[in-house]
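Open the model in your viewer and get ready to select residues by number. Each stop below tells you what to pick and what is there.

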Amino acid sequence: MNHPKKERTLLLIKPDGVRRGLTGEVLRRLEQRGLKIIALQMVKPSAEQMDNHYPKDEEWLKRIGEKTTATFEKYGRDVTETMGTSDLLKIGQEVRKWLVVYMASAPIVKVIVEGIHAVDMVRKLVGNTFPYQAEVGTIRGDFSIDSPIAANLDKRSIFNIAHASENPQEATHEIAHWFTPAELHEYDRSVE
Ligand code: GDP
Ligand code: MG
């Protein structure tokens with residue numbers, strides 16, 4: 001087992017974050033917190049790369065399907081009218097497609113972050129998936145105004161600036177997916 005300060009996670013600055021010139025701002029917030037950037041690169045991902053980045057299991061897809069359905073219900077809209085189905089799995093698969101198309105539409109910045117509780121810490125800095133629920137002071141809370149119902153009706157992914165691994169398993173998969181071991185760097189920050 002590695003020391004807790006060696007925990008690693010993956011952050012992606014999404015196309016909307018890059019286009020809005022927020023790359024430096026996002027990296028600044030990670031470094032300001034005391035987290036260490038140990039790998040960094042801008043890439044224009046293929047749809048296949050994005051497809052293999054996001055989970056494919058039924059549980060994840062159904063969770064997305066449930067969230068999407070709940071949004072339609074919350075705003076009194078008919079989910080079947082827009083999605084063509086009320087099947088949670090099929091809705092999850094459709095929203096996942098929107099996500100892959102969006103993420104592969106422009107350059108992204110991929111970052112490996114290391115530090116104590118890196119996974120939870122970076123999730124906290126990034127904030128809630130839905131910009132209107134993301135606390136002020138988080139990346140999504142400070143820089144995004146998109147809404148899930150607007151995104152669903154437009155049949156596109158929610159634009160929320162950054163992606164961050166949700167748990168250590170996702171982090172392990174995503175780090176191995178985006179970087180080779182030789183691209184990771186080891187160094188001490190001055191406080192160390
Ligand atoms: P995250 O881990 O906070 O990024 O959220 P998820 O893993 O649940 O979803 C992945 C990404 O899919 C999100 O960051 C959004 O860009 C998009 N997304 C999630 N839920 C919805 C939704 O209900 N509707 C739409 N249109 N996009 C969604
Ligand atoms: Mg996620």
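Select Asp 146 and show its side chain. In this predicted model, that side chain reaches the backbone nitrogen of Phe 159 at 2.8 Å. Now add Arg 156. The side chains of Asp 146 and Arg 156 make a polar contact at 2.7 Å.

Where along the chain does Asp 146 lie? Look at the loop between α8 and α9. Is Asp 146 buried or exposed? Its relative accessible area is 12%, so Asp 146 is buried. The cut-off for buried is under 20%.

Stay in this loop and select Ser 144. Ser 144 is also found between α8 (139-143) and α9. Its relative accessibility is 11%, so Ser 144 counts as buried. Next, pick the C-alpha atoms of Ser 144 and Gly 17. These two residues are 127 apart along the chain, yet their C-alpha atoms are separated by 9.1 Å.

Go back to Arg 156 and bring up ligand 1. Which residues come nearest to ligand 1? Of the 19 residues around it, the nearest are Lys 67, Arg 123, Thr 129, Asn 152 and Arg 156. Arg 156 therefore belongs to two stops on this tour: it contacts the side chain of Asp 146, and it is among the residues that come nearest to ligand 1.

Zoom in on the polar atoms of ligand 1.

- Select Asn 152: an N or O atom in its side chain is 2.7 Å from a nitrogen atom of ligand 1.
- Select Asn 160: a polar side-chain atom lies 2.9 Å from an oxygen atom of ligand 1.
- Select Ser 157: a polar side-chain atom lies 3.1 Å from an oxygen atom of ligand 1.

How much of ligand 1 does the protein cover? On its own, ligand 1 has 550 Å² of accessible area, and the protein covers 98% of that. Turn on a surface: ligand 1 sits in the largest pocket.

Now color the helices. α4 (58-74), α6 (88-103) and α9 (148-153) each supply at least two residues of the shell around ligand 1. Which helix gives the most? That is α4, with five residues. Color the shell by type next: seven residues are nonpolar, five polar and seven charged.

For the last stop, select Glu 81 in helix α5 (residues 79-83). Glu 81 counts as exposed because its relative accessibility is 69%. Add Gln 133, 52 residues away along the chain. The C-alpha atoms of Glu 81 and Gln 133 are separated by 26 Å.

Note on methods. Residues numbered from 1 in each chain as written. Chains lettered and ligands numbered in written order. Predicted model: local features only at pLDDT ≥ 70, side-chain atom pairs only at ≥ 80, totals over all residues. Heavy atoms only, no water. Near = heavy atom within 4 Å. Polar contact = N/O pair within 3.5 Å; in protein donor to acceptor, adjacent residues only side chain to side chain. Areas by Shrake-Rupley, 256 points an atom, 1.4 Å probe, with all protein chains shown as cover. 1 Å grid on protein atoms, 1.4 Å probe; cavity = no way out; pocket = protein on both sides within 12 Å on 5 of 7 lines; lining within 4 Å. Sits in = over half its atoms within 2 Å of the grid points. Helix = DSSP H or I, 4+ residues; strand = E, 2+ residues; numbered from the N terminus. Nonpolar A, V, L, I, M, F, W, Y, C, P; charged D, E, K, R; others polar. Buried < 20%, exposed > 50% of the residue type's maximum accessible area, 1.4 Å probe, protein only.
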